[in-house]
Amino acid sequence: MMKQNLLALSFSEMETFVQQIGFKKYRAKQILSWIYQKWVKSIDEMTDLSLTDRALLSEKAEILPLKIVTRQKSSDGTEKFLLGLEDGNKIEAVFLPEERRLTLCISTQAGCTLDCTFCLTALEKLKRNLKVSEIMDQVLTVQREHPERRISNIVFMGMGEPMANLPAVTEAVQRMISPTGFGISPRKITVSTAGLVPQIEQFLASNEPQANLSISLNATTDKVRDQIMPKVNKLYPIKVLLDALKKASLLSRRRVTFEYVLLAGVNDSLADAIRLVRLAHGIRCKFNLIPFNEFPESHYRRPSDEQIENFQKTLLKGGLVATLRKNRGRDILAACGQLSGENK
Ligand code: SAH
């Protein structure tokens, strides 16, 4: 009989499972706490279960953690983990230590549903959606390698389009925030999307405690957005996307973040900045500007520092909140849009 991977079980499934193998229901909590709070990767380490119980549990179940294929450390401390899935696919997770927070950037798909022309992940076709366990286990796997401090922030900005795998993303967020789970505040979690409108609406309508939402806008006209984000913008052009966010803005005080990748000569003009101010009208939001991170296969360029600064100033003058994303991990291709799941 196949052993049950304990990481694959939701909390209620864990209760059912332990009872099926003859344990009392409360054991589920104990086991969950070993997995999500003490980050163990084997049943042997669950020392408040008796030896007999551990033996019984090991007969029926196992913990199948992701494999660390390689890890690379950048000169700025950023670390990129190439992680192996059971079926041989590979994904990447990026660890971003700072003095006041430890952020982990995680993947939701092997490859990506979309075809954004400035993103390295898009060069690979979609292999498959990640399972809940594979999304959640990126956090546990990297945390085990850095046991000295707790991961404080999680961003769904690695490989893949989270909204194309929304059920698994939603369940993973629940495991992250539950007090029986990893126990992190939903305010410290951000889910990023290229703009799949029906899923965004579903995400915003949910009654569960919610993670922050980030939208990769990246252009101010459909002409440019069709070029750089063809698939998603044909389905949901700028107006459709922004109208949905305006509607949500009327109903909730939550603020969305717009990510805006700056591509020299493509979307970085001052006319673009002025259009952005207009487009953002009526949406509770802030902007995060990401100067393009170059990679060998790309023909786009990063704008000059002066151009970036002027773009940001125009947004600020227009009354928007706009920050500049630090380009961490660029030397190891671990920055935004540089994740490929390849062993480079
Ligand atoms: N698919 C989701 C999650 C990926 S997040 C989304 O699109 O939001 C990755 C972020 O990095 C997105 O905001 C994307 O626009 C940005 N990005 C992609 N490639 C980049 C690159 N080469 N340089 C800088 N930012 C990039």
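**Exercise 1. Identify the residues with the most contacts inside the largest nonpolar core, and the helix that gives the most to this core.**

Solution. The largest nonpolar core (buried Ala, Val, Leu, Ile, Met, Phe, Trp, Tyr and Cys residues joined through side-chain atoms within 4.5 Å) has 111 residues. Those with the most contacts inside it are Leu 6, Ile 35, Met 46, Leu 57, Phe 156, Met 176 and Phe 258. Helix 5 (residues 166-177) gives the most, with seven residues. The model is predicted: local features need pLDDT of at least 70 and side-chain atom pairs pLDDT 80 or more, while totals for chains, interfaces and linings use all residues. Residues are numbered from 1 along each chain as its sequence is written, and side-chain values use heavy atoms, without hydrogens and water.

**Exercise 2. Determine how the buried residues of helix 3 are arranged and what they pack against.**

Solution. Step one: in helix 3 (residues 51-60), Asp 53, Arg 54 and Leu 57 are buried (under 20% relative accessible area; exposed is over 50%, partly exposed in between, with a 1.4 Å probe and protein chains only). Step two: seen down the helix axis, these residues fall within an arc of 100 degrees (directions from the axis to the C-beta atoms), so they line one face. Step three: Leu 51, Thr 52 and Glu 59 are exposed on the other side. Step four: the buried residues pack (heavy atoms within 4.5 Å) against helix 1 (11-20), helix 2 (27-36) and strand 2 (61-62).

**Exercise 3. State which strands stand at the edges of the open sheet.**

Solution. The sheet has 10 strands in the order 3-4-5-6-9-10-11-12-13-14, with mixed pairing (at least two DSSP bridges between two strands). Helices (H or I, at least four residues) and strands (E, at least two) are DSSP runs numbered from the N terminus. Strand 3 (67-73) and strand 14 (322-324) stand at the edges, each with a single partner, so one side of each lacks a neighbour in the sheet.
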